[in-house]
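This report is an introduction for a reader who has not met this structure before. It begins with a pair of packed helices and then turns to other parts of the chain.

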Amino acid sequence: IEGSWSRIGLVMGQVQSGKTANYTGVIGKAADAGYKLIIVLAGLNNKLRNQTQIRIEEGFVGRDSSKVAAASTNSKYVGVGLIDSQRIPGYLTTSLRDFNKIQANGSGIPLQNMNEPVVLVIKKNSSVLANLLEWLKDHNLKNASSEKISEPLLIIDDEADNASINIKYGQDGVTKINSQIRSLLSISERSCYIGYTATPFANIFIDPVTEDSMYGEDLFPRDFIVSLDPPSNYVGPTRMFIDEPDQFIRYIDDNEDLLPLKHRKELEVPTLPPSLIDAMRTFVVGKAIRLARGHAGEHASM
């Protein structure tokens with residue numbers, strides 16, 4: 001669509017029910033529709049960002065960024081790249097590193113000259129966002145006197161209720177990450193922001209008329225709110241506690257004499273309930289199986 005426009009929306013989905021797969025599909029459709037710059041805000045730490053980067057490479061980019069220097073050309077391709085490697089989007093982050101302004105400058109190609117869309121998967125970190133904003137302003141503004149980029153921008157905000165909300169509202173202030181996301185949207189002539197979350201309450205209670213002269217309007221989902229239906233094989237609270245509780249819930253009834261649910265901290269426990277002993281033994285056996293499978297360095301929880 002020509003001209004200037006902005007869209008802000010929200011997608012709600014159950015926990016671990018396919019939200020990442022959904023927004024990977026949205027990214028693919030956005031690229032087909034002509035979006036040139038796609039930014040995925042993926043969590044607050046490197047591990048979450050790296051996991052999301054790998055998913056985006058499999059479902060959209062088609063190339064494994066950790067193997068770009070591999071001798072074998074075929075080993076570079078993953079996911080959709082194994083189906084069709086003719087069109088490979090540009091990417092300024094990899095599974096090994098977040099956005100880096102110096103390396104982005106090294107690409108030497110402004111957005112308006114790129115034939116394919118460019119995707120970035122970044123942490124919701126104020127330093128990273130500041131570097132990205134500076135790079136966009138230095139190298140990708142419409143012209144020397146402009147304060148806008150003309151290329152259509154899509155921002156996917158994963159876990160949009162975390163860090164993206166302005167918790168200083170009413171205190172004459174704006175939180176750093178909230179202001180930087182709004183700045184990203186405000187420097188684009190054509191933008192779409194989509195927040196994804198399983199807990200949308202903070203997002204829908206954003207003041208819908210809040211606007212700042214410097215940062216632009218807040219992230220209230222004024223254009224759409226979509227609820228994703230979980231897949232048929234999804235196991236969540238409804239199935240566990242309402243539809244099939246007998247399949248999932250085991251009631252413990254041998255603890256009250258030895259270890260009652262309500263007790264003082266001075267309670268001396270003479271021995272453990274049989275059900276707890278069974279649980280500990282099951283955990284040890286399960287951990288042994290994990291070790292035999294080569295998972296020695298992986299997290300294992302009871």
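## Helices H1 and H2

In this predicted model, helices H1 and H2 pack with their axes 10 Å apart and at an angle of about 50°. That angle makes H1 oblique to H2, and the crossing in which H1 passes H2 is right-handed. On the H1 side the residues that take part are Thr-20, Ala-21, Tyr-23, Thr-24, Ile-27, Gly-28 and Ala-31, and they meet Thr-52, Arg-55, Ile-56, Gly-59 and Phe-60 in H2.

## The two sides of H1

Helix H1 covers residues 19-33, which is 15 residues, and the 21 Å from its first C-alpha to its last is close to the 21 Å expected at 1.5 Å a residue. Its buried residues are Lys-19, Thr-20, Tyr-23, Thr-24, Ile-27, Ala-30 and Ala-31. Seen down the axis of H1, these buried residues fall within an arc of 135°, so they line one face of the helix. An α-helix has 3.6 residues a turn, so residues three or four places apart point the same way.

The buried residues of H1 pack against helix H2 (46-61), and also against three strands, namely S2 (37-42), S5 (153-158) and S6 (190-197). On the other side of H1, by contrast, Lys-29, Asp-32 and Ala-33 are exposed. The residue that follows H1 is Gly-34, and its phi is positive, near 115°.

## Helices H4 and H5

A second helix pair is formed by H4 and H5 (residues 176-186), whose axes cross at roughly 20° and come within 10 Å. With that angle, H4 is roughly parallel to H5, and the crossing of the two helices is left-handed. The contact is made by Ser-126, Leu-129, Ala-130, Leu-132, Leu-133 and Leu-136 from H4, together with Lys-176, Ile-177, Gln-180, Ser-183 and Leu-184 from H5.

Two residues of this contact can be followed further, one from each helix. Leu-184, found in H5, is buried, with a relative accessible area of 0%. Leaving aside residues up to four places away in sequence, Leu-184 touches Ile-39, Leu-129, Leu-132, Leu-133, Leu-136, Leu-153 and Ile-155. Gly-170 lies 14 residues from Leu-184 in sequence, and the two are 23 Å apart in space, C-alpha to C-alpha.

Ala-130 belongs to H4, which comprises residues 126-139. Ala-130 is partly exposed, since its relative accessible area is 32%. Between Ala-130 and Ser-301 there are 37 Å in space, C-alpha to C-alpha, and the two residues are 171 residues apart in sequence.

## Helix H9

Helix H9 is made up of residues 274-292, and at 1.5 Å a residue its 19 residues should span 27 Å, which agrees with the 27 Å between its end C-alpha atoms. Just after H9 comes Gly-294, which takes a positive phi of about 85°.

## The chain as a whole

The secondary structure of the protein chain comes to nine helices and nine strands, and its C-alpha trace spans about 80 × 55 × 35 Å along the principal axes. Of the 302 residues in the chain, 37% are buried. Among the contacts between residues at least 6 apart in sequence, 72% join residues at least 24 apart.

Notes: Residues numbered from 1 in each chain as written. Predicted model: local features only at pLDDT ≥ 70, side-chain atom pairs only at ≥ 80, totals over all residues. Heavy atoms only, no water. Helix = DSSP H or I, 4+ residues; strand = E, 2+ residues; numbered from the N terminus. Expected span 1.5 Å × (residues − 1). Buried < 20%, exposed > 50% of the residue type's maximum accessible area, 1.4 Å probe, protein only. Arc of directions from axis to C-beta. Contact = heavy atoms within 4.5 Å. Axes fitted to C-alpha atoms, helices over the stretch in contact; angles between N-to-C directions. Parallel < 35°, antiparallel > 145°, perpendicular 65-115°, else oblique. Left-handed = near helix turned anticlockwise from the far one by under 90°.
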